[in-house]
Amino acid sequence: MSAVSTPPTAPAPARRDAEATKAAILKAARHLLARHAHADITLKAVAERAGVSPPLILKYFGNKDALFARVMSFESDADALLDAHLDELGRHMVRHVLVSQSRQGADPLLRIVFAPLHGEQGDILRANFRTQVTERLTARLTGPDAGLRAELAVANLLGLGVMYGIARGTRVRGTALEEIVDRYAPAVQAHLAPGGGTPRP
């Protein structure tokens, strides 16, 4: 009589748990980086906020420098921010900032606001922001002054993010999200169009 064989159990749940744990660690590290100097943040503090043990952080990320290299990257944030056709990009970016703030409690792009807190690490944050966000947006634009227009569009977004998430403007936060998008997106989109933002005589 042949032995009954059973198919191997799928490891997907374990992988999902690992991804969820990594995401929690990164979220905790981002939270702390937005409030404390890089040098003052310990793996123990990250672990406590994430609800994991410090050895688990070492297992997934290797060491503090490797963890914060991931935290200081804007690569995946830029993927989400720029995920729209150019004609609709201003509206998409404004909505992305507001949704990140209102539903997730944080906008990863706002990490750049805290660069002055972090010394040499702040220089890395700035360099990553330039190459991964503003230069990537610049590459999508046509017409003159693409780099300037990209920086002005991103400046608009950061201003909105600061008012909503850091200054916590009561009127901005008390207004329906789509109304803010309707009011604010045209100013951002104007910089994205060729000749956008050019003063008229």
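**View 1. One aromatic pair turns up in a search of the whole structure.** In this predicted model, the two partners are phenylalanine 74 and phenylalanine 129, and they meet edge-to-face, with 5.1 Å from centre to centre and 85° between the planes. The pair ties together distant parts of the chain, 55 residues apart. Phenylalanine 74 sits in the loop between helix 4 (64–71) and helix 5 (75–81), while phenylalanine 129 belongs to helix 7 (residues 119–140). Phenylalanine 74 counts as buried because its relative accessibility is 0%, under the 20% cut-off. Phenylalanine 129 comes in at 7%, so this ring's residue counts as buried too.

**View 2. Here is the largest nonpolar core, with 49 residues.** Val46, Ile57, Leu67 and Leu137 are the ones that touch the most other members. As for helices, helix 8 (residues 146–166) gives the most to this core, chipping in 8 residues. Nonpolar side chains in soluble globular proteins do tend to be buried together.

**View 3. Zoom in on isoleucine 57 and its contacts.** Skip the neighbours within four places in sequence, and isoleucine 57 is in contact with Ile25, Leu43, Val46, Ala47, Val52, Gly62 and Leu67. Two of those names, Val46 and Leu67, also appear with Ile57 among the core residues that touch the most other members.

**View 4. Valine 188 sits in helix 10 (residues 177–192).** With a relative accessible area of 0%, valine 188 is buried. Which residues does valine 188 touch, not counting those up to four places away in sequence? They are Gly90, Met93, Val94, Ala153, Asn156 and Leu157. Leucine 152 is 36 residues from valine 188 in sequence, and their C-alpha atoms are 8.0 Å apart in space.

Key:
Residues are numbered from 1 along each chain as its sequence is written. This is a predicted model: local features need pLDDT of at least 70, side-chain atom pairs count only at pLDDT 80 or more; totals for chains, interfaces and linings use all residues. Side-chain values use heavy atoms; hydrogens and water are left out. A nonpolar core is a set of buried Ala, Val, Leu, Ile, Met, Phe, Trp, Tyr and Cys residues joined through side-chain atoms within 4.5 Å. Buried means under 20% relative accessible area, exposed over 50%, partly exposed in between (1.4 Å probe, protein chains only). Helices (H or I, at least four residues) and strands (E, at least two) are DSSP runs, numbered from the N terminus. Contact means heavy atoms within 4.5 Å. Rings of Phe, Tyr and Trp (its six-membered ring) pair if their centres lie within 6.5 Å; planes under 30 degrees apart count as stacked, over 60 as edge-to-face and the rest as tilted.
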